[in-house]
Amino acid sequence: MDYSEIELDYVSDIPQLVTNIAISGSQWIHGKVGITNQDIWLPKEGGWDTIPLKAVELVDRKLPKSVVNKIVSSSRHSSYIVVDYKKLSLFGTGYVTSSMIFTGDKVNIENLKSYLLTLLGFSVDAVYGQLKPEQIRLLFLLSSGITDMDVLLPIFDRDKLLLKHAFEVLKKRDLVDEFAYVTPTGSAIIEGLKGKGEGTLGKDLNSSFQEIAKCWNHTNSFKATEKMNKLVWKFGTSSLIGHVNTECLWQFIPLDQIKSVKIEEKNIGLVSLFMHTINDVMITLDSVENSISFALSDAIDQNEDSIFRLVSAIYLGVKDKKALAYLCGIESFAIESKINHMIQSGLIDVEFNLFPKSLKIIRNHINEKIANSSMLRSFESERLREFEKNYAKKKMMDKLGDVNEVYRYD
């Protein structure tokens with residue numbers, strides 16, 4: 001039996017996906033690795049570990065640069081070789097693929113590779129220089145899930161014989177299985193052939209959006225408060241952000257440019273109002289009081305009844321007739337008659353204070369919207385309760401005033 005020894009450092013029994021493994025200096029074992037025509041002998045304290053050569057699947061698989069850097073820094077050697085092999089799983093009766101990494105002098109690493117390929121044959125050579133271009137091309141296409149002959153044939157000049165021969169070669173070399181799925185060995189080959197990160201053709205949608213989103217990151221740290229709403233304008237990589245009083249919201253929204261409006265649940269229990277303009281500006285309103293977002297959405301919605309739009313606007317604190325006409329999209333000549341109608345209907349008083357009838361309409365309308373969507377599980381509003389309390393307090397003060405007036409005349 002032929003036997004050779006090579007002085008190396010090594011780590012064994014590593015899961016094949018070594019990109020997820022942190023390799024430290026303490027893991028390396030130094031010793032003389034033995035190779036026979038049947039086994040690899042790894043010295044350990046008090047004996048040897050043996051790996052049958054028939055279990056070896058791949059020699060010299062290429063690793064990602066990040067893993068190579070870990071190997072070099074922890075082992076202090078720049079030359080390395082990876083050997084993948086099958087071993088019995090700890091669970092059940094199946095086999096799993098594990099890896100050994102050897103480092104050392106360049107000459108010793110080259111000798112190890114030469115011995116292994118001589119004993120095993122070039123079928124386990126991870127470089128696979130023997131693969132023809134059409135076979136490499138097919139391997140990459142199959143790894144992307146492309147198995148449709150109608151798609152593959154034009155790529156192979158509609159040469160069905162060439163395509164089928166390439167598939168048979170890959171199958172015989174155990175790079176793909178009979179179902180055209182790439183095997184772990186095939187995947188390792190692909191990793192080795194991928195290149196050094198030359199980039200991609202065309203723009204990447206995700207990275208492009210990430211670039212834009214970077215410029216918006218500061219908007220997430222800016223929060224709405226109990227007294228101030230958060231208003232954000234975004235266009236391309238630019239953004240404006242600020243705090244706005246509820247009563248002044250209408251002055252910061254270009255109502256004549258709004259193209260679409262929608263409300264979405266942004267955080268648990270809180271909604272955001274999104275307004276998209278005809279100039280592709282996205283305006284977002286965040287408030288700690290959900291009823292403000294709903295009321296503003298209703299006030300500018302031309303599909304809503306004009307009286308309800310006015311009720312919603314007054315709920316936001318707008319009490320100037322010109323401002324109400326602008327916010328609700330009502331002609332100036334019509335605003336006076338609509339206000340008078342609201343007073344006569346018991347919705348507001350002459351000072352634009354909302355009566356319980358108006359508050360009930362607002363509450364019911366919001367609950368109806370929530371019930372017809374996936375937003376929120378329930379609706380509570382501190383602002384609505386405050387309006388109701390103020391009305392009850394005013395009612396009580398008016399009664400006390402009437403009583404005092406009677407006693408005064410008595």
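**Exercise 1. The β11–β12 pairing and its sheet**

Determine in which sense strands β11 and β12 pair in this predicted model, and place them in their sheet.

*Solution.* Step 1. Strand β11 covers residues 270-277 and strand β12 covers residues 282-286; five bridges join them in the antiparallel sense. One of the residues involved is Ser-272, whose bridge partner in β12 is Asp-286.

Step 2. The two strands belong to an open sheet of five strands with antiparallel pairing, ordered β9-β8-β12-β11-β10. The edge positions are taken by β9 (238-244) and β10 (258-267); each has a single partner strand, so one side of each lacks a neighbour in the sheet. From one strand to the next, the twist averages 20°.

Step 3. Helix α9 (residues 290-299) packs on this sheet and touches β8 (229-235), β10, β11 and β12. The direction of α9 makes about 30° with that of β11.

**Exercise 2. Positive phi angles in two loops**

Locate Asp-60 and Asp-280, and decide for each whether the residue is buried or partly exposed.

*Solution.* Step 1. Most residues other than glycine have a negative phi. Asp-280, which is not a glycine, nevertheless has a positive phi of about 65°, and Asp-60 has a positive phi near 70°.

Step 2. Asp-280 is found in the loop between β11 and β12, whereas Asp-60 occupies the loop between β5 (56-59) and α1.

Step 3. The cut-off for a buried residue is under 20% relative accessible area. Asp-60, with 9%, is therefore buried. Asp-280 has a relative accessible area of 47% and is partly exposed.

**Exercise 3. The buried side of helix α1**

Identify the buried residues of helix α1, and state what covers them.

*Solution.* Step 1. Helix α1 spans residues 65-75, and its buried residues are Val-67, Val-68, Ile-71, Ser-74 and Ser-75. They cover an arc of only 145° around the axis, and therefore lie on the same side of α1.

Step 2. The spacing can be read against helix geometry: an α-helix has 3.6 residues a turn, so residues three or four places apart point the same way.

Step 3. The cover over these buried residues includes β1 (3-15), β6 (79-88) and β7 (95-104). Just after α1, Arg-76 adopts a positive phi of about 70°.

**Exercise 4. Aromatic pairs and charges over rings**

Classify the aromatic pairs Trp-41 with Trp-48 and Tyr-315 with Phe-387, and find which arginine lies over the face of Tyr-315.

*Solution.* Step 1. The model has five aromatic pairs. In one of them, Trp-41 and Trp-48 stand 5.9 Å apart centre to centre with 80° between the planes, an edge-to-face arrangement. Both residues are partly exposed: Trp-41 has a relative accessible area of 28%, and Trp-48 one of 39%.

Step 2. Tyr-315 and Phe-387 form a tilted pair, with 5.0 Å between centres and 35° between planes. Tyr-315 lies in helix α10 (residues 306-315) and Phe-387 in helix α14 (residues 382-409), so the pair ties together parts 72 residues apart in sequence. Tyr-315 is buried at 0% relative accessibility, whereas Phe-387, at 24%, is partly exposed.

Step 3. Arg-383 lies over the face of Tyr-315, at 5.1 Å from the ring centre. Arg-137 lies over the face of Phe-156, at 5.1 Å from the ring centre.

Methods: Residues are numbered from 1 along each chain as its sequence is written. This is a predicted model: local features need pLDDT of at least 70, side-chain atom pairs count only at pLDDT 80 or more; totals for chains, interfaces and linings use all residues. Side-chain values use heavy atoms; hydrogens and water are left out. Rings of Phe, Tyr and Trp (its six-membered ring) pair if their centres lie within 6.5 Å; planes under 30 degrees apart count as stacked, over 60 as edge-to-face and the rest as tilted. Buried means under 20% relative accessible area, exposed over 50%, partly exposed in between (1.4 Å probe, protein chains only). Helices (H or I, at least four residues) and strands (E, at least two) are DSSP runs, numbered from the N terminus. A charge sits over a ring if NZ of Lys or CZ of Arg is within 6 Å of the ring centre and within 35 degrees of the ring normal. Two strands pair if DSSP finds at least two bridges between them. Axes are lines fitted to C-alpha atoms, for helices over the stretch in contact, and angles run from 0 to 180 degrees between N-to-C directions. Contact means heavy atoms within 4.5 Å. The arc is that of the directions from the helix axis to the C-beta atoms.
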